[in-house]
There are 2 protein chains.
Amino acid sequence: MTDTSAPRRQRRDASANRAGILAAASQTLAADPHASVDQIARAAGLSRRALYGHFDDRTALVHELIAAGAQRFNAIAQQVDDADSRIALARLTANLWSEAAHVQVAAAIALDEAHVEETATALAPLRRVLAALVRRGQDDGELRTDIAAPTLARLIEETARTVVTRADTASPAASGIAVRTVLSIVGLSWRETAALLIAHPDLMTPPPAGTLAPIPAEEGRA
Amino acid sequence: MTDTSAPRRQRRDASANRAGILAAASQTLAADPHASVDQIARAAGLSRRALYGHFDDRTALVHELIAAGAQRFNAIAQQVDDADSRIALARLTANLWSEAAHVQVAAAIALDEAHVEETATALAPLRRVLAALVRRGQDDGELRTDIAAPTLARLIEETARTVVTRADTASPAASGIAVRTVLSIVGLSWRETAALLIAHPDLMTPPPAGTLAPIPAEEGRA
DNA sequence: GCTATCTTGCACACACATGTGCAAGATAGG
DNA sequence: CCTATCTTGCACATGTGTGTGCAAGATAGC
């Protein structure tokens, strides 16, 4: 039935509220992965009942958050293509950080027993990029070789997650710390890291807005 | 009433069961800080009801775990007194690791909203040692100075926790990875770390049993 | 201003966890 | 072997979270 005379469109405030719920959930769950549906709804300025009008399930809501976060994660991973694995790693971290507000949720939820598996599959592309990066870096003698590639990759991931999850996103110095931490894990001394960052000043100044975020800027709400 | 003719002593199996509950709780909560009392009791081979015969509260049980873990933590911290802060840090990590089975709980619980504050105060001595160590190391030019002391101390702590919490304790290589990770965070290159570990082979072979655990086998209860 | 859409608040039913009371059974230990 | 101690299983009250149904009210949008 191609119902040309559709009874009526979806109201605009409805989709705005839906987006608001996602934003609120992102914030709330990043702080506490076990936050209740009521907490999320309240944070979005809606009632719990209204939330269930937009999402079938609590898990449906979480699914959507993970999907969105993973998409950003993976998109960032695809963009990195520096010849030097150390630069690539640094850029990956820095770019990832610039999206910290959007990915903190995924990072936090990744620790939740109930959704580990889902986040794992969602982040598979990023994992592949990282694994390849580490392997290549070790072959080229740029990264440490005293730790096996898979272990090192995992270590980078866990460390990065820790920094992203438990850092003050607001602080301007945080980005630098994240990058330095990853490069440390990968085997560089802090002076080597400093030299590398001076040689590549673009690492600390993320690409102009738009380049990194192909996802339409979701308009903010109250 | 100094009741000389005490009705009867506490049975021996009772205290054994109490210890069993603590051990089970340690294991279970390390894996999932939100594990139910029933899960813990079952893991100890007892009924939920029996557990409440040994502990007033769920929190009472957690309290005891945190206290025991923190005591081990802090005892280890006190023993480290190397002149070189890098060696001290490495030894601290290695010794801490040798008690990993006992401290994983505290590390896991430390992330739980409900008990952060308690673990924070319980681990205060360790934090002080670490803070002093970092400050001294920076003054002596042994540790990186591009990150402020408090931040670096926090970074070390978070990283160590991550490794302790999310590593395969069984693997013999894990200890080495933990030490290398901490030294990396602190600013050393992986080759510097390797050289340091070769120069101090005692770091990778923890002191003989008994040296590290001055805690007397906790006898009977209150 | 009419109406379909959205939100709200209240009512449930259900599941799960905590903590307690009590009677009946097992058992360590004198 | 006797008995105080311990464990067990059940029932119960309480609290919290999830998901749904329904009627009444607000409001966007034609």
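Helices here are DSSP runs of type H or I with at least four residues, numbered from the N terminus, and a residue is near a strand if its C-beta atom, placed from the backbone, lies within 6 Å of it. With that settled, the DNA side of this predicted model can be laid out element by element. Around DNA strand D, the elements that each put in at least two residues are helix 1 (12-31), helix 2 (37-43) and helix 3 (48-54) of chain A, joined by helix 1 (12-31) and helix 3 (48-51) of chain B. Helix 1 of chain B gives the largest share of that surface, at three residues. In total, 24 residues sit around DNA strand D, and the ones that come nearest are A:Arg12, A:Arg58, B:Asn17, B:Ser47 and B:Ala50. Sorted by class, the surface near DNA strand D has 13 charged residues, along with six nonpolar and five polar ones.

DNA strand C can be read in a similar way. It has 24 residues around it, with A:Ala14, A:Ser47, A:Ala50, B:Arg12 and B:Arg58 as the closest. Here the contributors of at least two residues each are helix 1 and helix 3 of chain A, plus helix 1 and helix 2 (37-43) of chain B. The class split for the surface near DNA strand C is 13 charged, six nonpolar and five polar.

Next comes the layout of chain A. The chain breaks into domain 1, covering 1-55, and domain 2, covering 63-219. Between the C-alpha centres of these two domains there is a separation of 30 Å. Their contact draws on seven residues of domain 1 and nine residues of domain 2. On the domain 1 side of chain A, the residues touching domain 2 are six nonpolar and one polar, with no charged ones. As for annotation, an unreviewed UniProt entry puts the feature "domain: HTH tetR-type" at residues 15-73 of chain A. That stretch of chain A, 15-73, is 80% helix and 0% strand, and 25 Å separates its end C-alpha atoms.

What about the pairing of the two protein chains? Chain A brings 22 residues into contact with 22 residues of chain B. On the chain A side, helix 9 (149-165), helix 10 (174-185) and helix 11 (190-199) are the elements that give two or more residues. The side of chain A that touches chain B is made up of eight charged, seven polar and seven nonpolar residues. Chain A can be laid over chain B by a rotation of 180° with 0.0 Å of shift along the axis, at an RMSD of 0.1 Å, so the two copies are related as by a two-fold axis. Both copies use the same surface, since 100% of the contact residues of chain A recur in chain B. Within chain A, A:Ser189 is the residue that comes closest to the rotation axis, its C-alpha lying at 1.9 Å.

One residue of helix 9 gets a closer look: A:Ala160 lies in that helix of chain A. Is A:Ala160 buried or exposed? The cut-off for buried is 20 or more other C-beta atoms within 10 Å, and A:Ala160 has 22 such neighbours, so A:Ala160 counts as buried. Setting aside residues up to four places away in sequence, A:Ala160 touches A:Thr93 and A:Val182. A:Ser171 is eleven residues from A:Ala160 along the chain, and their C-alpha atoms are 17 Å apart.

Notes: Residues numbered from 1 in each chain as written. Chains lettered and ligands numbered in written order. Predicted model: local features only at pLDDT ≥ 70, side-chain atom pairs only at ≥ 80, totals over all residues. Nonpolar A, V, L, I, M, F, W, Y, C, P; charged D, E, K, R; others polar. Domains from an automatic or database assignment. Contact = placed C-beta atoms within 7 Å. Least-squares fit on C-alpha atoms with pLDDT ≥ 70 in both. UniProt positions renumbered as here; feature names shortened; annotations may be inferred. Buried ≥ 20, exposed ≤ 12 C-beta atoms within 10 Å, placed from the backbone.
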